[in-house]
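Open the structure in a viewer and keep the selection tool at hand. The stops below go from strands to cores to a single side chain.

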Amino acid sequence: MKTVPAKVWSEAKLYAPSVTSELLQALMKHHEAIESDEKSSLLLTCNNQGSALVSFYCDAVDKLPAVFEPFEHIPATSQSLPRGVYSTYELLGVIEYLAVPGHVCHNFRTMSSQPSLEVYETAERVRVEQSDLLSDVEGLRINNVIQPMSSIGIKQSRKVGGNPLGLEEVGQQWFLVMADWNNPADGDRVRQAMRHIVDAAEATAKANGTYIPCQYCNYASPDQDPLASYGAENMERLKDIASKYDPDGWDLLNDLTMGVGSYAI
C-alpha cells in the first residue's frame, strides 16, 4: 500500500445565493482545467442560505493553483478556512459544518454525469422549488453537492489494479442531494423532494448525452442499488473475491451498502 503526503493546500469560502449561477459556470471551467492537473479536488455545496466551496490541492504550494482561478473573481461573503497548507486532520474540522448539529434525520441520494452546466442548473432549480414547497418542515436543509472527478484519476486506477466501480474513463461529477431535518414524520416528504431533484438531474443528463450510471456507494439512498451500478462483470468479480476471503460477509456487505447513505434516530 502506497502512502501519500498529508500536507495539502486548501481554502473554504462561503457565497451568497445571488452568485450560485456564476459558481456553476466557473465549475465548468474547472472541469476543463483538471484534465491537465491531477492534484486538485473540490466540493461545491449549494442550499438556500448560499454556497460553500472547499478547495483542495495535493501539494504544499504557496499560491493559488491555476485550476481554481475560475472562481477567483466571484465575490465571497466570508472565508471559513484561509488559504494555506494544512494537514488532513485540520481539514476535517472545516468540512464538519456540512452536517447540521442537532438534527436527528439525515438522507443522501446520488447520481453521476459528465460535466454539464445544464444538469447543474436543473438540479439547482428543482432544489429551490422543492425547498420552498417544504418550507413548513422543521429544521429542513436540502443541499446539492457536486464533486468533480477528472479522467486522469480514473485512468490511473488501471495502473494499480483496475477499478471495480466500472467508471468510464471520462471527466465526470459525483452528485448528491443531502438533507437534514428534525421530525421523522416528515421523512416521506423530504425523501420525495430529494427524488424529484435527482430524477430531474438524471433526465437532463440522459437527454443531453452526459448521463453516467455510476451511483457512488457512500452517497446512495436506501432505495438505490449502488453495487448494481458497478456492472455485471465487476459484481461477479467482487462476489468471487468475497467468496474466497469472506464467504459469510457478502450478504451483509450488500445489505449495508444499500442503506449506507441514510440514517434516522
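**Strand S1 and its partners**

Select strands S1 and S3 (residues 50-57): the two pair in the antiparallel sense over 7 bridges. Two strands pair here if DSSP finds at least two bridges between them, and helices (H or I, at least four residues) and strands (E, at least two) are DSSP runs, numbered from the N terminus. The model is predicted, with local features needing pLDDT of at least 70 and side-chain atom pairs counting only at pLDDT 80 or more, while totals for chains, interfaces and linings use all residues. Residues are numbered from 1 along each chain as its sequence is written, and side-chain values use heavy atoms, leaving out hydrogens and water.

Pick tyrosine 15 next; its bridge partner in S3 is serine 51. Then add strand S4 (residues 78-87), which runs antiparallel to S1 and is joined to it by 7 bridges. On this side, lysine 13 stands opposite glutamine 79 in S4. Is S1 buried or exposed? Of the 9 residues of S1 (residues 7-15), 7 are buried, so the strand is largely enclosed by the rest of the structure. Buried means under 20% relative accessible area, exposed over 50%, and partly exposed in between (1.4 Å probe, protein chains only).

**Strand S5**

Move to strand S5 (residues 105-113), where 9 of the 9 residues are buried, so S5 is largely enclosed by the rest of the structure. Colour its two faces separately: one side has Cys105, Asn107, Arg109, Met111 and Ser113, the other His106, Phe108, Thr110 and Ser112, and all of these are buried. Strand S7 (residues 172-181) runs antiparallel to S5, with 9 bridges joining them. Phenylalanine 108 has methionine 178 as its bridge partner in S7. Strand S8 (residues 211-212) is also antiparallel to S5, joined by 2 bridges; there, serine 113 stands opposite tyrosine 211.

**The nonpolar cores**

Show Leu44 and Phe175, which touch the most other members of the largest nonpolar core, a set of 40 residues. A nonpolar core is a set of buried Ala, Val, Leu, Ile, Met, Phe, Trp, Tyr and Cys residues joined through side-chain atoms within 4.5 Å. Helix H5 (residues 187-208) gives the most to this core, with 8 residues. Domain 1 (1-99) and domain 2 (103-256) both give residues to the core, so it lies between them; the domain bounds come from an automatic or database domain assignment.

Zoom in on leucine 44. Not counting residues up to four places away in sequence, leucine 44 touches Leu23, Leu24, Leu27, Ser51, Ala52, Leu53, Asn144, Val145 and Ile146, where contact means heavy atoms within 4.5 Å. Apart from this core lies another, of 16 residues, including Phe108, Ile154, Leu167 and Leu227.

**Arginine 127**

Select arginine 127 in helix H3 (residues 117-133). Arginine 127 is buried, with a relative accessible area of 2%. Neighbours within four places in sequence aside, arginine 127 is in contact with Cys46, Asn47, Asn48, Ile142, Asn143, Asn144 and Ile197.

**The whole chain**

Zoom out and show the full protein chain, which has 7 helices and 9 strands. Buried residues are 47% of its 265 residues. Among contacts in the chain with a separation of 6 or more, 79% come from residues 24 or more positions apart.
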